[in-house]
Amino acid sequence: MPRMPVAERRAQLLHAAFVVIARSGVGGATTRAVVDEAGMKLASFHYAFTSREELLSELVEDVLHGQETLLDLPALDALDGPDDLETLLAVGLLGYFEGVRADPLRERAMFELTQYAMRTPGLEPLAARQYERYRALARAALEEAARRAGRRWSRPVDEIAGHLVALTDGATLAWLADPDDTRARATLTFAARSLAALAAPYSPSTPAALPDASATFTSAALPSAAPPTRSGSTEQRSRA
C-alpha cells in the first residue's frame with residue numbers, strides 16, 4: 001500500500017483535530033484522540049507533527065485563513081424587488097445564522113481555538129489577527145451591501161465593520177449557550193436595522209465616509225480573494 005504523502009497526512013490530522021475540539025474542547029484533543037478520529041496509528045502523528053502544540057498552532061492558522069464572509073451575500077442574489085439596505089443586511093445576517101445552525105460544533109471549535117490562542121504564549125497575535133480578518137471581511141460585505149442598495153455609510157466603514165463583528169460574535173455565542181432560534185433571529189434583525197440607520201442615500205457629489213485614522217483595519221487585512229465563511233458560510237465564525 002503506497003505511503004500517504006506528508007501534506008495529506010497533516011491535512012487529515014488537522015481536520016480530525018478540529019472535529020475532536022468541536023466535540024470535546026481543546027483539552028480533549030489529545031494526540032491519541034486525534035489519531036483515533038483520523039483512523040491512523042500514533043506513529044503517523046509523529047511522522048507529520050513534532051508535537052500536539054505544533055498541530056494546534058497550525059490549526060489556529062488554518063482557521064484564521066478559512067474564514068470567508070460575515071454576511072451570506074449569495075442569499076441576496078435571490079431577492080426580488082428593490083434592494084433596501086436593511087432588508088439586504090437582514091437577509092445576509094439571517095443567512096449567516098443558518099450556517100451557524102447547520103454546524104454548531106464548528107462554531108464551538110472556532111471559539112475554543114480563539115481562547116486557546118489567547119492563553120498560549122506566542123500565539124496571542126493569532127487571535128488578534130483572526131479578528132482583524134473578521135473586520136476586513138465585514139467591511140467588504142458592508143461595502144457590497146451599500147453598493148447594491150445605492151447607499152453610502154455615514155460613519156467610517158471600518159467602525160461599522162467592528163460593530164458587525166461584535167454583533168455576530170455575540171449573537172452566535174448567545175445562541176450556542178442557549179439555542180433559541182427566535183431570539184437569535186430577532187437579535188440579528190435588530191442588528192440589521194441598527195446598522196442600516198448608519199447609511200445615507202448615495203450622491204455622486206458626496207464622498208463616502210473615509211476610514212477613521214484610529215481604526216485598526218489596514219488594507220493588508222483584506223483577503224486577496226473571496227473563507228475553518230466564519231460560520232459554515234459568511235469567515236463561512238467559520239468562529240475555525
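What percentage of the 240 residues of the protein chain count as buried? In this predicted model, the figure is 46%. The tour below moves from the whole chain to its aromatic pairs and then to its largest cavity.

**Whole chain**

Begin by displaying the protein chain as a cartoon. Its secondary structure comprises 10 helices and 2 strands. Followed along the sequence, these elements are arranged as α-α-α-α-α-α-α-α-β-α-α-β. Next, switch to a surface representation. The chain exposes about 11,600 Å², and 56% of that area is supplied by carbon and sulfur atoms.

**Aromatic pairs**

The structure contains 3 aromatic pairs. Among them is the pair formed by Phe-45 and Phe-49, so select these two residues and show their side chains. The ring centres are 5.8 Å apart, and the planes meet at 35°. Because planes under 30 degrees apart count as stacked and those over 60 as edge-to-face, this pair is classed as tilted. With the surface still displayed, consider the exposure of each partner. Phe-45 has a relative accessible area of 0% and is therefore buried. Phe-49 is likewise counted as buried, at 1% relative accessibility.

Now select Tyr-131 and Tyr-134, which form an edge-to-face aromatic pair. Here the distance from centre to centre is 4.9 Å, with 75° between the planes. Colouring helix α8 (residues 124-149) places the pair in context: both tyrosines belong to this helix. They are 3 residues apart, about one turn of the helix. Tyr-131 and Tyr-134 are both buried.

**The largest cavity**

Finally, turn to the largest cavity, whose volume is about 40 Å³. Which residues line the largest cavity? Select Val-60, Val-63, Leu-64, Leu-113, Thr-114 and Gln-130 to display the lining. By class, this lining has 4 nonpolar residues, 2 polar residues and no charged ones.

To see which elements enclose the cavity, colour α4 (52-66) and α7 (104-119); each of these helices supplies at least two lining residues. Which helix gives the most to the lining? The answer is α4, with 3 residues. A view that keeps both helices and the lining side chains visible makes a suitable last stop.

Note on methods:
Residues are numbered from 1 along each chain as its sequence is written. This is a predicted model: local features need pLDDT of at least 70, side-chain atom pairs count only at pLDDT 80 or more; totals for chains, interfaces and linings use all residues. Side-chain values use heavy atoms; hydrogens and water are left out. Rings of Phe, Tyr and Trp (its six-membered ring) pair if their centres lie within 6.5 Å; planes under 30 degrees apart count as stacked, over 60 as edge-to-face and the rest as tilted. Buried means under 20% relative accessible area, exposed over 50%, partly exposed in between (1.4 Å probe, protein chains only). Helices (H or I, at least four residues) and strands (E, at least two) are DSSP runs, numbered from the N terminus. On a 1 Å grid over the protein atoms alone, a cavity is a set of points where a 1.4 Å probe fits but cannot get out, and a pocket is an open set with protein on both sides within 12 Å along at least five of seven lines; lining residues have an atom within 4 Å of a point. Grid points are joined across faces, edges and corners, and a volume is the space filled by probe spheres set on the points. Ala, Val, Leu, Ile, Met, Phe, Trp, Tyr, Cys and Pro count as nonpolar, Asp, Glu, Lys and Arg as charged, and the others, Gly among them, as polar. Accessible areas come from the Shrake-Rupley method with a 1.4 Å probe; for residues, only the protein chains shown count as cover.
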